[in-house]
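Here is a walk through one protein model and the ligand it holds. Keep the structure open beside you and follow along.

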Amino acid sequence: MDHFRDFFDLSLDIMMIIDFNGNLVEVNHSFSRILGENESWTSLEQVFACLHPDDVDNSALEVQKLIRGQAAVSFLNRYRNVEQTYKWIQWTCSVNREAQLIYAIGRDITGIHIDTYHLLSSMSASIAHEVRNPMTTVKGYLQLLMEKEDWGSYKDTFLLMVSELDRANAIISQYLSLANNKFIEKRQHNLNSIIEYMLPLIESDASKGDVCIIAALGTIPDLMLDEQEIRQLMLNLSRNAIEAMNHGGHLTFKTYTEAEEIILEISDEGEGIPPEVRREIFNPFFTTKETGTGLGLAVSRSIAERHRARLEVKQSGREGTTFVVRFPFSRDSICSPGELANESTIQFNL
Ligand SMILES: Nc1ncnc2c1ncn2[C@@H]1O[C@H](COP(=O)(O)OP(=O)(O)OP(=O)(O)O)[C@@H](O)[C@H]1O
Ligand SMILES: [Mg+2]
């Protein structure tokens, strides 16, 4: 047992044990060495008070995920230390649900992190941009040539090339939407209006597969939403639902309020998701489809998280699958009609 104590005390990384009420049960020496004069601290609240203001919400969300059932989380945040400068800490946290304890390990990656993190995120955005520009040119020429009489017999090949370029472009867009540092612009919207706006588009998808759409929309308050992102989330979930119903069926959109949450449910009557597949479905690039990219659900989950909402499988079996998005009631995510009418919030998530 003493070995474990030594391991805990001598670790160069921060180690903390926190209970579900936010009390610090144990901290090791590196906790004070890295974060500063904090030997007397007893609660997570005191740790949060030293966080960079932009990192508070995201860090709280990660802790909430553990309390609500996720087995482990990994995230970054910044701490102000006694010299009033910020340190970047990479956290890996796991949970002992029975004992209601969170085990957190934090590594100081100041210096290494700032450069690689900013370099990587700006590189991926600019590479995507640089790749897209020539693709647009190639697509334009293909469309021009396709119309020329000389090439008339190759029309199908041209169409295939154009649709492959569109597909590559869509993958780049999806990939970029996975980035957590995406700008999102939230305005006051009602989920029901977004569903009603999307219905004709989804109906045209559904009619090919003999799928009939049902909208059971309850009375729900407005939320602060990025409309484009929520449309994307609805489209990803309803496309999966339609693709799951090879033999037709009903695709149902349902909205309602429950306790502290506004709920959006999207259900299908497909064959369900086997348990061994269910564990993987939110991982980027996981797919069971021949032509799938495996990004639909990963992107949808990151959209939900940018709205402080949770996307989960509510149930899945032989009678079909229901995905649920739970938006929390809170003063910054909900507004009564008329309030904040033309206001918008732009958020930069870390
Ligand atoms: N409603 C559903 N019913 C059954 N299986 C589903 C459903 N939704 C998702 N899945 C499973 O989850 C996997 C991942 O879905 P995801 O949307 O991330 O990727 P995809 O649909 O395979 O590809 P794409 O990137 O084109 O969306 C799917 O391949 C499928 O196995
Ligand atoms: Mg999909």
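Two strands count as paired when DSSP finds at least two bridges between them. Keep that in mind for R78, which stands opposite W88 in β4. One thing before we go on: this is a predicted model.

Let's stay with that pair of strands. β3 and β4 run antiparallel to each other and are joined by 9 bridges. They make a hairpin with 5 residues between them, and in its turn you'll find Q84 with a positive phi of about 60°. Carry on along the chain and β4 (residues 86-96) pairs again, this time with β5 (residues 101-108), through 8 bridges and once more in the antiparallel sense. Two facing pairs help you line these strands up: W91 sits opposite G106 in β5, and N96 sits opposite L101 in β5. This second hairpin has 4 residues between its strands, and here Q100 is the residue with a positive phi, near 55°.

Now zoom out to the whole sheet. In general, the strands of a sheet pair through backbone hydrogen bonds, in either a parallel or an antiparallel way. This sheet is an open one of 5 strands, in the order β2-β1-β5-β4-β3, and its pairing is antiparallel. Which strands stand at the edges? They are β2 (24-27) and β3 (72-80); each has a single partner strand, so one side of each has no neighbour in the sheet. From one strand to the next, the twist averages 25°. Helix α4 (residues 56-68) packs on this sheet, where it touches β3, β4 and β5, and its direction makes about 150° with that of β3.

There's another sheet to look at. It is also open and has 5 strands, in the order β7-β9-β10-β12-β11, but here the pairing is mixed. The edge places go to β7 (211-217) and β11 (310-317), each with a single partner strand, so one side of each is left without a neighbour in the sheet. Ignoring direction, neighbouring strands here are turned by 15° against each other on average.

Inside this sheet, β9 (residues 249-258) and β10 (residues 261-267) are an antiparallel pair with 7 bridges. To find the register, look for F253, whose bridge partner in β10 is I266. Helix α8 packs on the sheet and touches β7, β9, β10, β11 and β12, with its direction at about 35° to that of β10. A further helix, α10, lies across β11 and β12 and runs at about 135° to β11.

That brings us to the ligand. How many residues surround ligand 1? There are 19, and the closest are N240, T287, T288, K289 and T293. By class, this shell has 8 nonpolar, 9 polar and 2 charged residues.

Some of the surrounding residues come close enough for polar contacts, that is, N or O atoms within 3.5 Å of each other. An N or O atom in the side chain of K289 is 2.7 Å from an oxygen atom of ligand 1. On D268, a polar side-chain atom lies 2.8 Å from a nitrogen atom of the ligand. G296 uses its backbone instead: an N or O atom there is 3.4 Å from a ligand oxygen atom. On its own, ligand 1 has 590 Å² of accessible area, and the protein covers 89% of that.

Finally, let's tie the ligand back to the fold. The elements that give two or more residues to its shell are α8 (227-244), α10 (296-306) and β12 (320-328). Of these, α8 gives the most, with 3 residues. You've met that helix already: α8 is packed on the mixed sheet, as you can check in the view.

Key
Residues numbered from 1 in each chain as written. Chains lettered and ligands numbered in written order. Predicted model: local features only at pLDDT ≥ 70, side-chain atom pairs only at ≥ 80, totals over all residues. Heavy atoms only, no water. Near = heavy atom within 4 Å. Polar contact = N/O pair within 3.5 Å; in protein donor to acceptor, adjacent residues only side chain to side chain. Areas by Shrake-Rupley, 256 points an atom, 1.4 Å probe, with all protein chains shown as cover. Nonpolar A, V, L, I, M, F, W, Y, C, P; charged D, E, K, R; others polar. Axes fitted to C-alpha atoms, helices over the stretch in contact; angles between N-to-C directions. Contact = heavy atoms within 4.5 Å.
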